[in-house]
Amino acid sequence: MKVKMLSRNPDNYVRETKLDLQRVPRNYDPTLHPFEVPREYVRALNATKLERVFAKPFLASLDGHRDGVNCLAKHPKSLATVLSGACDGEVRIWNLTKRKCIRTIQAHEGFVRGICTRFCGTSFFTVGDDKTVKQWKMDGPGYGEEEEPLHTILGKTVYTGIDHHWKEAVFATCGQQVDIWDEQRTSPICSMTWGFDSISSVKFNPIETFLLGSCASDRNIVLYDMRQATPLKKVILDMRTNTICWNPMEAFIFTAANEDYNLYTFDMRALDTPVMVHMDHVSAVLDVDYSPTGKEFVSASFDKSIRIFPVDKSRSREVYHTKRMQHVICVKWTSDSKYIMCGSDEMNIRLWKANASEKLGVLTSREKAAKDYNQKLKEKFQHHPHIKRIARHRHLPKSIYSQIQEQRIMKEARRRKEVNRLKHSKPGSVSIVPEKKKHIVAVVK
Amino acid sequence: METASKPGRDVQPKKARLQTKKKKPRRYWEKEATLTAAGASPGPPRNKKRNRELRPQRPKNINLPKKSRIPGKPQFPKKPREQRNLEPQRNLSGAQDPFPGPAPIPEEVARKFRRIDKSKKLPHSKSKTRSRLEVAEAEEEEISIKAARSELLLAEEPGFLEGEDGEDTAKIRQAEIVEAVDIASAAKHFDLNLRQFGPYRLNYSPVGRHLAFGGHRGHVATLDWVTKRLMCEINVMEAVRDIRFLHSEALFAVAQNRWLHIYDNQGIELHCIRRCDRVTRLEFLPFHFLLATASETGFLTYLDVSVGKIVAALNARAGRLDVMTKNPYNAVIHLGHSNGTVSLWSPAMKEPLAKILCHRGGVRAVAVDSTGTYMATSGLDHQLKIFDLRGMFQPLSARTLPQGAGHLAFSQRGLLAAGMSDVVNIWMGQGMASPPSLEQPYLTHRLSGHVHGLHFCPFEDVLGLGHSGGITSMLVPGAAEPNFDGLENNPYRSQKQRQEWEVKALLEKVPAELICLDPRALAEVDVISLEQEKKERIERLGYDPEAKAPFQPKPKQKGRSSTASLVKRRRKVMDKEHRDKVRQSLEQQPQKQEKKAKPLKARPSALDRFVR
């Protein structure tokens, strides 16, 4: 007879002294871990609920401007520094860690229309309603010196926007035409026009740095190549585009904020169909900015809210609003991709977390592991109706909520009409235009 | 558009030229690698060298810069990593690794950890979803292999009992086993002589360290049976029908003559639950925190012990219920009835999930193994049957016992114990995950009284027997899982660890509605409602938004885009699609014909006699 009984030595399973860690032997045999899926589901449900509990995105409000904030700019080298221009011609430089204004400049008479920093971070440019382009030093004036711009260019017409080249000492302004300037000269290197209309914003492509995009008030978006001195092509939409933003990771992709409450993500190579139509705002979209990862962007709207969209989704994943925030005019996603700033009509700049329930500060390794695990669980069970409902739920102000309802009814009516028309006409005579193609009028090369 | 791609074209050759100019110093250990790289790359290497020597400034050949762009890196095409490692690698010293690459894993071990059933096909999905699913599947596969590899680290080996050639292990008596094993194990065999309050029911706590038993005449006690330390002992002055530990050893439930009572580990009565009256059997579902009670009145009641609410009270409509067991795999309750059926219940449904006709007479005992694969039943017809619970509940084997088994229990490793009056038989399976074979018993034991309760101790090779003469702890080598998981049920856990485990367990209490036959169903794609939704959407919109657009030929250059050629190309694609459709329908047709042909044959015709 050969016999062996299971006989464990307790010394192998119990810690020796109280200072030791407890011993936890593991066995991953699935029979010892029954109900794996239901338990994971419950964990995912708990994680989703906690995410909503901890969703407190609002961090700070920077007040000090004496008129609505019209434009914002990030510092390319310092995360803590932000520049803002107001409707009374005042430019302020803020320190985000202290949440204080560190410098105030009366830059222009009338609006500050545009502001941008030089890629090296030593100076910045502003354009205003007084037909001037001014270059300022980033550091304040020394003791006894006067606050004066480094250079001032007096133009013939009003400039409505400005953007700096990402690598070279070149910047572009827009107004009645797109002008490209060398920093050393007082006249533009070249100016490009296509039609006669005022251009509201111009943006350099951060990857293919010679490319520019601009949007004009005759409803079109025009693309330029700086080396050619003539525009490349343009796309005409249903309504006016307020501004565009290039994807910092994919050179061909840009997103346009439109007056028809939608945002359009275009592939520059095929402008006839946008890659995605982002719908959720209930009023004109005024500004858009990409996250440095290129996966998401934030949009500011006239409906007093800002929304965060994933690039490949047509619906927003997040909406931020407060009772006091009025029409949001400008928005920026910070370079560490963690925060969002928005400047609004009622003279404040607000700082938000990009991920509403994220815990700020240093995480311990266990916290980090738990966070990652919960994230994965939420991802795994995101389509379950109960979890989906909790994760998607957002409180909205009454005005936005009722607007959404109203627009839903209108959309449904239009759709119904379309279906009826399709039903009662000869097959093939009425074609269904997909949502993506509906808003594109023409592409001109 | 062309201008956009220009910079890229400009930059590349420049970079390459720089690299060709700068000759990289060759390290002595790189000798082989570079040689293989040169060998693998297309084009003769000697030619390349000559090229470089003659015209170092302007390499015209486009292939050349491409080759030299990654000079040191050996060019392995798309070989899987494991294969590459199989080739013996030489160290600096010249020694060879005799076991290159990761250790091989036996297929059956990997299968144990595999969660995805590859035989199930997903519905036709978009390429994006499909690729995402494929990635998830590959990840899962990798995880299962890693988990299988970690099996090597398990510390303990399971016990065993083998007879010498020709010796029948069933003939080996307990006393002989006790004599042969070490002292610590021998101490696990004991008898409690309690003739006064007999017959006893007993239950081990989920971690396996604590034993609770209740005699029919009211004697209730719990003890730490490893150290033999008594935790509490009371007499409830009432008949005790069943006793069961709740999620930890601190609480236990006792089914008394009238009502259900809950006591703590000091024997203090915490609750008297009058909604559960005349309870005969108790089962506790630890992950749902549900106490299932079967009563004489024919009700199956689920009590949520974490909040003290009754979740469901189901009328089985089969008279008195006194045979009950739980399926540890999916928390479904199995009830045995006097008409020979076993019904499967979940609190989410008013009706049984399934009914299985098992025996001619009434069902006396039911047990389900820990993987939820096999169910053993015994009936008044003296039969002991084993059913496969996967699929159609087929009986696998049956055996007639002289007296018929009154009590059944499965151990963690799949041993089946049956109590027949005062004899206990234990059967064992042939290998891993196989049903116990009923031909030869593995062990037998005769007791001093009639068996009234059986329970295998978790994580110990011990079978607890409650009988009319008291309690017997019997040694069954190879019954229990040798390696416990410290985060689930840890027999050596401290008080602090228990408290933390309790909080965690309560946080992830599974809702009672999720109990169903397949607990993994929650992670699968709900194909039925998906298709239903799609159909509804098409109906609502009036057209299929996901339908493939008709093929539009792209215009070609240089005069090949004439209308005739466009039509030709369009027709070509249309014809191909049509052919595919016809082929598919043809493939399906013969199956239909076969189905149709059979009933036709059954009816004979008068003309059949002329058929040669």
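**Surface patches, annotated spans and positive phi values**

In this predicted model, a patch of positive charge gathers on the surface from A:Lys313, A:Lys436, B:Lys126, B:Lys128 and B:Arg132. Residues of chain A and chain B both contribute to the patch. B:Arg132 sits in helix H7 of chain B, which runs over residues 127-150. Its relative accessibility is 56%. B:Arg132 therefore counts as exposed, because the cut-off for that class is over 50%.

A nonpolar patch is found on the surface of chain A. A:Leu50, A:Val53 and A:Phe54 make this patch, with an area of about 290 Å². A:Leu50 belongs to helix H1 of chain A, residues 36-53. The relative accessible area of A:Leu50 is 43%, so this residue is partly exposed.

Annotated spans were examined in both chains. In chain A, an unreviewed UniProt entry places the feature "domain: Sof1-like protein" at residues 354-440. Helix accounts for 62% of residues 354-440 of chain A, and strand for 1%. The end C-alpha atoms of this span are 31 Å apart.

In chain B, the UniProt annotation is "repeat: WD". It covers residues 215-273, 275-313, 316-355, 358-397 and 400-437. Two of these spans are described here. Residues 316-355 of chain B are 0% helix and 38% strand. Their end C-alpha atoms lie 11 Å apart. Residues 358-397 of chain B are 0% helix and 52% strand. The end C-alpha atoms of that span lie 12 Å apart.

Backbone angles were considered next. Most residues other than glycine have a negative phi. A:Ser337 has a positive phi, near 60 degrees. A:Ser337 lies in a loop of chain A, between strand S27 (328-333) and strand S28 (339-344). With a relative accessible area of 26%, A:Ser337 is partly exposed.

B:Met237 also has a positive phi, with a value near 55 degrees. The loop that holds B:Met237 runs between strand S6 (229-235) and strand S7 (240-245) of chain B. The relative accessible area of B:Met237 is 71%, so this methionine is exposed.

Notes: Residues are numbered from 1 along each chain as its sequence is written. Chains are lettered from A and ligands numbered from 1 in the order in which they are written. This is a predicted model: local features need pLDDT of at least 70, side-chain atom pairs count only at pLDDT 80 or more; totals for chains, interfaces and linings use all residues. Side-chain values use heavy atoms; hydrogens and water are left out. Patches are made of residues with over 30% relative accessible area and no salt bridge: like charges are joined within 9 Å, nonpolar side chains (Val, Leu, Ile, Met, Phe, Trp, Tyr) within 5 Å. Accessible areas come from the Shrake-Rupley method with a 1.4 Å probe; for residues, only the protein chains shown count as cover. A salt bridge is a side-chain nitrogen of Lys or Arg within 4 Å of a carboxyl oxygen of Asp or Glu. Lys and Arg count as positive and Asp and Glu as negative; His and the chain ends are not counted. The place of a charge is taken as NZ of Lys, CZ of Arg, CG of Asp or CD of Glu. Helices (H or I, at least four residues) and strands (E, at least two) are DSSP runs, numbered from the N terminus. Buried means under 20% relative accessible area, exposed over 50%, partly exposed in between (1.4 Å probe, protein chains only). UniProt positions are given in the numbering used here, feature names are shortened, and annotations may be inferred rather than shown by experiment.
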